Amino acid sequence: MREIEDIFLNLDLGGYLQNFNGFLARNKPLFLQGDSKIHFENIAELSNYRFEAPCSVQNLDDALARLSKQAVLHVSEIYEFSKIINYFSYLRTVKFQNRLGEWIAKIEIPPAMAQMASSFDKDGEFKDSVDERLGAIKQTFNDKKSQIDAELKRLIYSKHITPYLVDTQVHYVSSQEALLVRGGFNHALKGTVVARSSGGYFYVAPSNIERLKKEQSELLDRREQIIYEHCKRISSQMNKSLLFLKFINSAFDQFDAYQARVNFARTRDFEFVLPNGSNKIILKNFAHPALKNPKSVSVDFSKKVLLITGVNAGGKSMLLKSIIAASLLAKYLLPMHINAQASSIGSFKEFDTIMEDPQNVKNDISTFAGRMLHFSKLFHKRSLIIGIDEIELGTDFEEAASLYGVVIEKLITQDIKMIITTHHKRLAMLLAKNPDVELMAALYDETAQRPKFEFLSGTIGKSYAFETAARYGIPLNLVGEAKRIYGEDKENLNEVITKTLNLQTKLDEELKQTELKEQKLTKLLEEQRDIKERNEREIATVISRLEREYFEAIKQAKSVINLKDIKDKQRALNVANEKKRLIIKPEPAKLEVLKVGDHVKYEQIKGVVLNLGKNDAIIEAEGIKLRVPVVLLKKNGNPVAQVKKSNVNLSVQKPEQASVALDLHGLRADEAIVKLDKFISDSLVMGFDEVCVYHGIGTGKLAYAVRNFLKDHPSVKDFFDAPPSQGGFGAKIVRF
């Protein structure tokens with residue numbers, strides 16, 4: 001259990017575990033013994049019901065062990081059993097269905113145990129109905145308490161005692177009521193001195209109060225004797241029902257584990273994922289519980305190794321923790337923030353992490369040696385998932401790449417799944433050709449000069465160490481010198497990697513846009529088909545009506561032939577003509593005058609006219625062109641949101657030289673402002689967060705001009721006088 005808790009802590013799940021434990025009625029192991037599928041189905045069933053959570057219950061293993069030896073349980077222990085039995089009696093009233101309902105219904109409570117459970121009130125005391133003597137003792141005890149209160153009041157307000165009273169309060173000394181009096185009280189108050197005050201006064205327990213307290217104590221002793229008699233009787237009954245009590249104690253733990261998961265999931269809108277028999281991990285919209293405003297991740301980790309490279313502080317470690325955390329939570333059927341329907345998580349026997357520095361002075365072990373010791377134990381493991389953060393830590397990364405490459409190739413042949421983060425590309429290039437290795441890169445926003453906290457599969461990422469150093473305040477001249485030492489060839493490799501990442505990102509975005517356009521097209525085609533089918537049904541209905549009405553009119557006209565009387569013939573013809581007149585003919589659709597560029601509606605489809613023909617028109621709706629009949633188009637007064645045709649790309653050339661300080665000494669105000677304006681622009685392009693401007697004190701005109709310019713500049717967030725070590729009143733610290 002301790003190892004599991006350590007894994008939870010390493011994965012930043014300590015807070016999650018603490019919150020979950022708060023929903024349990026009593027502490028218990030996380031793992032649910034038995035068939036995980038059955039547990040999962042029971043949890044899913046329970047999620048459909050509203051029910052009361054159980055109150056806290058003590059661990060009763062020791063009580064059960066003593067019961068088996070015919071011991072007499074304390075009344076508090078019996079009460080704990082009664083809480084469990086009463087809770088299952090309540091669960092039977094909820095009317096659960098399916099397997100969960102069948103399980104609850106099969107729990108038959110013996111009459112003796114049901115009676116025992118009903119013997120307690122909500123405070124864990126025996127009800128008066130259990131034994132009349134208990135009620136009588138309670139009443140007598142309360143009467144004695146009233147007598148004590150009355151006697152104390154009488155003494156406090158007694159004239160012959162009042163001169164000796166320090167105050168009119170009743171003091172409690174070791175649960176004994178006492179009065180605080182001055183010396184010389186003996187002839188006015190009989191009692192026992194129980195303590196002395198710091199002021200030299202006496203706490204005196206009056207004799208009458210002592211007598212009443214003694215009578216109360218005797219009542220409590222009598223009550224304890226009666227309670228013991230009932231505990232002895234009930235314990236004997238419980239001994240006979242020992243198997244039932246063991247069963248219901250275990251059943252309570254099982255249901256408690258269910259309800260805690262369900263109620264915990266409800267409070268956070270979490271979902272459950274049942275592990276399957278594979279070793280694949282497919283996460284859709286998973287968010288790590290430790291993050292306050294998480295950016296959900298979606299990962300398809302179907303291979304043996306996931307190697308994550310890319311920008312520093314770009315979320316590599318958190319992605320590693322997220323994958324293992326999701327697998328761990330699924331194993332213990334714990335809820336998580338995830339799209340459960342679109343996710344799939346395999347089942348793993350063991351979980352492990354190599355994240356911290358194992359260096360230990362006492363054990364005389366280095367970082368690298370500690371990691372080698374940990375790796376050596378992996379060769380005897382099976383069905384294991386392990387996360388290794390910064391795998392090259394503690395030794396030369398070139399040597400580490402070769403060594404770890406061989407080690408990982410060996411572990412791949414075993415049933416071990418690995419998530420690895422690294423800052424170096426050599427290991428990734430060594431393993432890239434292995435079909436069991438999946439590459440993933442943390443992305444970097446070149447424009448904003450910050451990590452995106454997004455990931456791209458199938459490629460190697462750049463660490464952006466130089467860019468990160470500059471962003472966090474390392475002088476640019478030092479960064480430039482570091483680049484020179486790093487070497488032109490290696491920097492060119494980084495540029496190739498960057499271009500590859502950007503190209504892949506662009507392709508992914510275009511693919512996403514194509515899929516979106518395909519979805520829109522499918523929707524429009526479905527709407528077109530529905531419109532066509534509806535129009536065909538309407539036309540068929542009109543034709544059928546016209547055929548029926550004309551048939552009736554013609555039939556009436558033909559009936560004239562069989563009539564002999566002229567008047568009858570005339571009447572029959574009049575009826576036929578009336579039927580013909582009443583036939584409603586469909587009117588031709590009124591054509592609206594349209595022109596190219598008009599906003600139109602075609603049923604629910606809105607678009608813009610691109611071309612007009614005699615009978616048809618071509619319209620554009622949501623970036624898709626459609627040919628539709630002109631007669632079915634209507635003008636639409638609302639403008640249609642158009643799909644953007646192109647993007648405007650801006651390219652800003654970084655200055656060849658840049659500094660975080662500007663000296664304006666000796667310049668006129670207008671010259672200084674021009675130079676300051678360019679300096680701020682260059683600083684913004686370089687991504688500086690803070691710069692220093694030296695203007696001197698002098699007459700104050702230059703300082704005044706600089707202050708007014710900075711106050712009105714839209715990109716300046718704040719500015720203030722520099723500290724004395726940086727120029728004091730003669731300089732300004734500017735923040736963007």
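The following legends describe close-up views of a predicted model.

**View 1. An aromatic pair joins Phe 8 and Tyr 332.** The structure holds 18 aromatic pairs, and this view shows one of them, formed by Phe 8 and Tyr 332. The two ring centres are 6.4 Å apart and the planes stand at 50° to each other, an arrangement classed as tilted. Phe 8 belongs to helix H1 (residues 2–10), whereas Tyr 332 lies in the loop between helix H11 (316–331) and strand S8 (344–345); the pair therefore ties together parts of the chain that are 324 residues apart in sequence. Phe 8 has a relative accessible area of 0% and is buried. Tyr 332 is likewise buried, with a relative accessible area of 7%.

**View 2. Tyr 16 and Phe 264 form an edge-to-face pair.** The ring centres of Tyr 16 and Phe 264 lie 5.1 Å apart. Their planes meet at 70°, so the pair counts as edge-to-face. The contact links distant parts of the chain, with Tyr 16 in helix H2 (residues 14–21) and Phe 264 in helix H10 (residues 242–268), 248 residues apart. Tyr 16 is buried at 5% relative accessibility, and Phe 264 is buried with a relative accessible area of 1%. Because the cut-off for buried is under 20% relative accessible area, both values fall in that class.

**View 3. Ring pairs build an aromatic cluster.** The residues shown are Tyr 49, Phe 51, Tyr 87, Tyr 90, Phe 96, Phe 252 and Phe 255. Ring pairs link these residues into a cluster.

**View 4. A lysine charge sits over the ring of Phe 301.** The charged end of Lys 417 is placed over this ring. Its distance from the ring centre is 4.0 Å.

**View 5. A salt bridge connects helices H8 and H9.** The structure holds 27 salt bridges. In the one shown here, the side chains of Glu 229 and Arg 133 meet with an N to O distance of 3.2 Å. Glu 229 lies in helix H9 (residues 207–240) and Arg 133 in helix H8 (residues 132–156), so the bridge ties together parts that are 96 residues apart in sequence. Glu 229 is partly exposed at 39% relative accessibility. Arg 133 is also partly exposed, at 33%.

**View 6. Two salt bridges are formed by Lys 122 with Asp 123 and by Glu 224 with Arg 223.** In the bridge between Lys 122 and Asp 123, the closest N and O atoms are 3.7 Å apart. Both of these residues are exposed. For Glu 224 and Arg 223, the closest N and O atoms are 3.7 Å apart. Glu 224 counts as partly exposed at 46% relative accessibility, and Arg 223 counts as partly exposed at 24%.

**View 7. Salt bridges with shared partners form a network.** Arg 26, Lys 28, Asp 253 and Asp 256 are joined into one network by these bridges.

**View 8. Five strands make up an open antiparallel sheet.** The strand order is S17-S16-S15-S14-S18, and the pairing is antiparallel. Strand S17 (624–629) and strand S18 (634–635) are the edge strands, each pairing on one side only. Within the sheet, strand S15 (residues 605–612) and strand S16 (residues 616–621) run antiparallel and are joined by 4 bridges. Leu 612 stands opposite Ala 617 in S16.

Note on methods
Residues are numbered from 1 along each chain as its sequence is written. This is a predicted model: local features need pLDDT of at least 70, side-chain atom pairs count only at pLDDT 80 or more; totals for chains, interfaces and linings use all residues. Side-chain values use heavy atoms; hydrogens and water are left out. Rings of Phe, Tyr and Trp (its six-membered ring) pair if their centres lie within 6.5 Å; planes under 30 degrees apart count as stacked, over 60 as edge-to-face and the rest as tilted. Helices (H or I, at least four residues) and strands (E, at least two) are DSSP runs, numbered from the N terminus. Buried means under 20% relative accessible area, exposed over 50%, partly exposed in between (1.4 Å probe, protein chains only). A charge sits over a ring if NZ of Lys or CZ of Arg is within 6 Å of the ring centre and within 35 degrees of the ring normal. A salt bridge is a side-chain nitrogen of Lys or Arg within 4 Å of a carboxyl oxygen of Asp or Glu. Two strands pair if DSSP finds at least two bridges between them.
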